[in-house]
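Dear colleague,

Please find below the structure I wished to pass on to you. My notes on it follow directly after.

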Amino acid sequence: MDAEAPVQLEKNQTATVPRQETVEGGSTGETAGGGAAAKVTKEQDHDAEYHPPTSYLETIVHLFKGNIGPGLFAMGDAFKNGGLLVAPLLTVVIAVVSIHCQHVLVACSKKMRDLKGDSVCADYAQTVEQCFENGPSKLRGWSRTMGRLVDIFICVTQLGFCCIYFVFISTNLKQILQAYDIDMDVHLVMLLAFVPVLLSSLITNLKWLTPVSMFANVCMILGLAITLYYALKDGLPEVEERALWTNGSQLALFFGTAIFAFEGIALVMPLKNAMRKPHQFERPLGVLNVGMFLVSVMFMFAGSVGYMKWGEQVGGSLTLNLGDTILAQAVKLMVSAGVLLGYPLQFFVAIQIMWPSAKQMCGIEGRSLLGELGFRTFMVLVTLAIAEMVPALGLFISLIGALCSTALALVFPPVIELISRSELNKGPGIWICVKNLVILVMALLGFFTGSYESLKQIVKHFGEEEVH
């Protein structure tokens, strides 16, 4: 998942949504005087000039970008763990369930908006909090806790992506150096990558990151196109040479990697709220269905072609199988640059949630640019340290997917639907209960088995490193 979409859209959202909130704010007492309200409105109108609402096509592009990242290049490894027959079928199931859960989130957010009389839909964490707040009386006391829990999962997921970015960059750069007979330990390569990653992460103004993100996307698209060209130019092996299905432990690893790739639910509400015509987002041929269909097709294509071409030797990233030619090294460098330049955008999502609390804990008042830069530096060091401890890219992706992406994509949406659809003295209905319980069972099964197998394989990986 790439973070350009949530970051840019949060810019749009803060530019357009507050204007609506200001209109309502007259009755809330948040702006005490007319002069203050006029000043706030004027500033927001000024922002809106630079960040206009997005169109249907622009939002599809944002959704597409927001779901394409290292997870796409990891689908070959996912198909290796699932098998050539089983993996495509399970990918379709995970795609359908994930998209359905995103629709559930939108429906619950709209219901809470209408219930509270707000002008716009709340984001993911606020929607969960409001559903508990307006649900059965026994659950209302959990509203703030559940909202914070969603924020924690989003932060852990985003920072986990940042760790994966470090591993992705270092493993590709290590291969580039080896092609020129420079043998450098992957841990040292991560340290070298730390400097440019840190410098880009210290940019706090999103406006300055726009050209960076554009260049990053060009690198990723070109890198993917050339990678697929390499895979297809000499033909593919016979289907009989590849496993059609695998065992349970490998399927657990497949689930973690696949759900990591499809975890884009945190983008849904910012994308919808940033649209000029928000109703176009969730309709049958709307942004969500059309955009995620294109994303799913790309995942299926990359996974099946990658596994068919390289079989059991397919890497945690397809770029790791490209060989030592000059063009192959250029692709690895291109994709690594795209991922590196995507790090600060991914990083921003977590910092935006964490920095206000960190500032309050440290007793910092006002903007405090120096304090924010210090906090950003500390968090980049944290992601580097975690990446140094787990340098196995494929296992790391599977672990993050099983642990965090599952909760965000498949656990919270059915829970809040069960709560929001419950009426006084009656439940949400048999169909809603059965459907959501099936999703929850699938999610929890993947959560526990995927996390267990990923951790077991990571421990095994450490043991093999010690032997060598």
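Is Leu85 buried, partly exposed or exposed? The model is a predicted one, and in it Leu85 has a relative accessibility of 44%, so this residue counts as partly exposed. Leu85 lies in the loop that joins α5 (75–82) to α6 (86–116). Together with Leu89, Val239, Leu244 and Trp245, Leu85 makes up a nonpolar patch on the surface, whose accessible area totals about 500 Å².

Turning to helix packing, helix α9 (residues 186–201) packs against helix α15 (residues 369–389) with 10 Å between their axes and an angle of about 155 degrees. An angle over 145 degrees counts as roughly antiparallel, and α9 and α15 are therefore roughly antiparallel to each other. The crossing of α9 past α15 is right-handed.

Helix α15 also holds a salt bridge between Glu372 and Arg376, with an N to O distance of 3.2 Å. These two residues are four apart in α15, which means that about one helical turn separates them. Glu372 is buried at 8% relative accessible area, and Arg376 is buried at 1%.

The salt bridges number nine. Another of them pairs Lys272 with Glu282, the closest N and O atoms lying 3.0 Å apart. Lys272 belongs to helix α12 (residues 268–273), while Glu282 sits 10 residues away in the loop between α12 and α13 (287–310). Both residues of this pair, Lys272 and Glu282, are buried, and a network of salt bridges links them with Lys110. Asp114 and Arg113 form a further salt bridge, at 3.2 Å between the closest N and O atoms; Asp114 is exposed at 55%, whereas Arg113 is partly exposed at 21%.

With kind regards

How values were computed:
Residues numbered from 1 in each chain as written. Predicted model: local features only at pLDDT ≥ 70, side-chain atom pairs only at ≥ 80, totals over all residues. Heavy atoms only, no water. Patch = residues over 30% accessible without salt bridge, like charges linked within 9 Å, V, L, I, M, F, W, Y side chains within 5 Å. Areas by Shrake-Rupley, 256 points an atom, 1.4 Å probe, with all protein chains shown as cover. Salt bridge = Lys/Arg side-chain N within 4 Å of Asp/Glu carboxyl O. Buried < 20%, exposed > 50% of the residue type's maximum accessible area, 1.4 Å probe, protein only. Axes fitted to C-alpha atoms, helices over the stretch in contact; angles between N-to-C directions. Parallel < 35°, antiparallel > 145°, perpendicular 65-115°, else oblique. Left-handed = near helix turned anticlockwise from the far one by under 90°.
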